[in-house]
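Visitor: I have a chain to look over and a few questions about it. Could you walk me through it?

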Amino acid sequence: MGKFRFSNHLLFTIISIDYENKIQGTTDFFSNSSSYIFCRWGVCIIWIIICFCFFFAWLTIGSFGAISNDGGLMLIKSLFLGGICLGGALILDDYAENKKEEKEYQVLMQKSHMITFDAKNKTLDKMQDFAAFVKDKKQSDEIENRIKIVCDSLYKIAENKGTSKDWLTYIKIVPQEYHKDAFEKIEKLEAKAWNTDSKAWKQASTANTVSSYEKYLSMYPRGKHAKGAEKRIVDIGIANAFSGEHGSLPQMDRVSSSQGPKSLIKVDNNTGYTLTLLYSGTDSKRLVLAPQESDFISLNNGTYQIAAFVSASNVRSYAGTEQLLGGEYSVSYYISSY
């Protein structure tokens, strides 16, 4: 309940006390309860009666000046009626709040029996919030006990499934204080899943992300799948560059021709950022150049998709297609503002 004070604005403040928060702020499942709405409107009507009583008392004082016997009696009656209505409003308001909390308690307890092993389920969080603010200690204790029972059950499900993914799901469902040793179990499972070259490659290829292949290369830089990891990093990067917003990459200059099966490309990074180039075609290669650095890359002849991007979030990526016919090529990358 909000507090009110006696002032010139009494008539306007007491009408709005708690009305908006309690009438419009009810929960979805309780907004259609006729008993609750009846109580809330009852409180509202009583507040209006109280306002009328105090307003009448105020007029009595203003009309009689020095209060006469009749004026004093009218003032006492008005204040007495207002006081009775105020007490009734407080009792009815408390009753309505108790009914609301009781209904919410019943709904949450019912929902707790339908919780599935689904990361999107937020019932336990709602139960915990309710237990923290409900006035009835018995309801609070019962909700907390129910949370513990459900979390123990979900823990056993995650333990039986025994995968990192399922432990992550468990962590997302239950409140933080019930995480127990879930993170330690994930670490152990991850370490076991990556402890050999073949297992690590299976994990990386199943995830099929740049980060998973980079993790494989960091653990097994000379592993039997190292070239495959490099190729997939390039291919994923190329696909992302072409599917996203990008500028058109200009054609390279062919400075000499050759009948050989390879092409040699000289690349100049004339930017102030680290430049990364990805080539996907007959070969899949990656070239990384520091600011103002130059280097060469050799590729088998053929048609290539090329992506170029720098280490700056405000500079967009570039992508294009190039046919390498043999000989030497030259290309310079720079950033212009226009």
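What follows is a short exchange on the fold, one strand and some ring contacts.

Visitor: How many helices and strands does the chain have?
Guide: Keep in mind that this is a predicted model. The chain runs to 338 residues, and 38% of them count as buried. Its secondary structure comprises eleven helices and nine strands.

Visitor: What share of the contacts between residues at least 6 apart in sequence joins residues at least 24 apart?
Guide: A contact here means heavy atoms within 4.5 Å. Among the chain's contacts between residues at least 6 apart, those joining residues at least 24 apart make up 61%.

Visitor: Is strand β4 mostly covered or mostly open, and how many of its residues are buried?
Guide: β4 spans residues 275-280. On one side, Leu-275, Leu-277 and Tyr-279 are buried. On the other, Thr-276, Leu-278 and Ser-280 are buried too. The strand is mostly covered, with buried residues numbering six of six.

Visitor: Which strand forms a hairpin with β4?
Guide: Look at residues 284-289, which run antiparallel to β4 and are joined to it by six bridges. Leu-275 stands opposite Leu-289 there. Three residues separate the two strands of the hairpin, and the partner is β5.

Visitor: In β7, what is the bridge partner of Leu-277?
Guide: β7 covers residues 302-310. Six bridges join this strand to β4, and the two run antiparallel. Within β7, Leu-277 has as its bridge partner Ala-308.

Visitor: How many aromatic pairs are there, and how far apart in sequence are the parts tied together by Trp-201 and Tyr-213?
Guide: The structure holds six aromatic pairs. One of them, Trp-201 with Tyr-213, is tilted, at 5.7 Å centre to centre and 40° between planes. Trp-201 lies in helix α9 and Tyr-213 in helix α10, so the pair ties together parts whose separation in sequence is twelve residues.

Visitor: Why does Trp-201 count as buried, and what is the relative accessible area of Tyr-213?
Guide: Buried means under 20% relative accessible area. Trp-201 counts as buried because its relative accessibility is 13%. Tyr-213 is buried as well, at 0%.

Visitor: Why is the pair of Tyr-216 and Tyr-220 tilted?
Guide: Both Tyr-216 and Tyr-220 are buried. Ring pairs link these two with Trp-201 and Tyr-213 into a cluster. The ring centres of Tyr-216 and Tyr-220 are 5.7 Å apart; the pair is tilted because the planes meet at 35°.

Visitor: Which residue lies over the face of Trp-194?
Guide: Two lysines sit over rings here. Lys-180 lies over Tyr-155, 4.7 Å from the ring centre. For Trp-194, the distance to the ring centre is 4.3 Å, and the residue over its face is Lys-215.

Definitions and conventions. Residues numbered from 1 in each chain as written. Predicted model: local features only at pLDDT ≥ 70, side-chain atom pairs only at ≥ 80, totals over all residues. Heavy atoms only, no water. Helix = DSSP H or I, 4+ residues; strand = E, 2+ residues; numbered from the N terminus. Buried < 20%, exposed > 50% of the residue type's maximum accessible area, 1.4 Å probe, protein only. Pairing = 2+ DSSP bridges. Phe/Tyr/Trp six-rings, centres within 6.5 Å; stacked < 30°, edge-to-face > 60°. Lys NZ or Arg CZ within 6 Å of the ring centre and 35° of its normal.
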